[in-house]
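Me: I would like to learn how to read a model feature by feature. Please give me the general idea each time, then the case at hand.

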Amino acid sequence: MATSQDFSDLTEHARISIIKLMDSQPKLVEWIGSALDDLKGFPETVQQSVGYALYRAQCGEKHPSAKPLKGFKGASVLEVIQDFDGDTYRAVYTIKFEEVVYVLHAFQKKSKRGIETSKQDIELIEARLKRAKEHYEQCYKRHSEEDKQ
């Protein structure tokens with residue numbers, strides 16, 4: 001196990017973050033619907049940026065470019081927005097569940113006016129969030145309850 005002396009050249013905050021990450025298991029990532037295939041269609045730079053944001057979420061951290069998605073209560077549904085070559089790409093995920101990060105949607109923003117997410121995309125995200133909840137209750141909640149017995 002790492003100790004704070006192993007990272008003596010880092011700030012105290014950085015040492016604590018590294019030790020915390022090394023001592024804990026990252027959450028799993030589950031992809032809902034076509035989110036993974038859609039993300040694979042993004043430019044490599046955007047894929048890497050989204051991937052790093054998801055890794056931070058797996059580790060219980062928040063990427064600086066991850067923001068709560070408007071229209072969802074609290075900060076459990078987040079979006080990462082990445083601009084590349086004049087286009088805007090978004091990935092939406094939830095950290096609502098204890099053991100899993102669910103990626104709900106990945107898309108290229110079509111509208112050139114405004115920053116608001118389209119009604120169609122919001123409805124898709126809501127439906128996929130519902131599917132994620134059902135999946136979590138079937139596959140994870142049951143297992144964690146069995147582990148406690």
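Me: How many bridges join strand β2 to β3, and in which sense do the strands run?
Reply: Start with the rules. Strands are DSSP runs of E with at least two residues, helices are runs of H or I with at least four, and both are numbered from the N terminus. Two strands pair if DSSP finds at least two bridges between them. Here β2 (residues 66-68) is joined to β3 by three bridges, and the two run antiparallel. One pair of partners is K67 and E79, the latter in β3.

Me: What should I know about the source of the model and its numbering?
Reply: This is a predicted model, in which local features need pLDDT of at least 70 and side-chain atom pairs count only at pLDDT 80 or more, while totals for chains, interfaces and linings use all residues. Residues are numbered from 1 along each chain as its sequence is written, and side-chain values use heavy atoms, with hydrogens and water left out.

Me: Which residue in β4 stands opposite E79?
Reply: A general point helps with strands. In a regular strand the side chains alternate between the two faces of the sheet. In this model, E79 faces V92 in β4. β3 and β4 pair over eight bridges, in the antiparallel sense.

Me: How many residues lie between β3 and β4 in the hairpin?
Reply: Two residues separate the strands of this hairpin. D85 sits in the loop between β3 (77-84) and β4 (87-94). Look at its backbone: D85 has a positive phi of about 55°, although it is not a glycine.

Me: Is D85 buried or exposed?
Reply: Use relative accessible area, computed with a 1.4 Å probe on protein chains only: buried is under 20%, exposed is over 50%, and partly exposed is in between. D85 counts as exposed, at 71%. Over the whole protein of 149 residues, buried residues make up 37%.

Me: How many helices and strands are there in the protein?
Reply: The protein has four helices and five strands. From the N terminus on, the order is α-β-α-α-β-β-β-β-α. Take V50 as a case: this residue lies in helix α3 (residues 44-58). V50 is buried, at 3% relative accessibility. Its C-alpha is 8.5 Å from that of L39, and the two are 11 residues apart in sequence.

Me: How many aromatic pairs does a search of the whole structure find?
Reply: Rings of Phe, Tyr and Trp (its six-membered ring) pair if their centres lie within 6.5 Å; planes under 30 degrees apart count as stacked, over 60 as edge-to-face, and the rest as tilted. The search finds four pairs. In one of them, the rings of Y136 and Y140 have centres 5.7 Å apart and planes at 20°, so this pair is stacked.

Me: Where do Y136 and Y140 lie?
Reply: Both are in helix α4 (residues 119-148), four residues apart, about one turn of the helix. Y136 is buried, with a relative accessible area of 9%. Y140 is buried too, at 10%. Together with F97 and Y102, these tyrosines form one aromatic cluster.

Me: How many salt bridges does a search of the whole structure find?
Reply: The test is a side-chain nitrogen of Lys or Arg within 4 Å of a carboxyl oxygen of Asp or Glu. Four are found. One joins R56 to E61, with the closest N and O atoms 3.5 Å apart. R56 is buried, at 19%.

Me: Which salt bridges lie in helix α4?
Reply: Among them is K119 with E123, at 3.8 Å from N to O. These two residues are four apart in α4, about one turn. K119 is exposed, at 63%, whereas E123 is partly exposed, at 43%. Another is K133 with E137, where the closest N and O atoms are 4.0 Å apart. K133 and E137 are also four residues apart in α4. Both are partly exposed: K133 at 42%, E137 at 40%.
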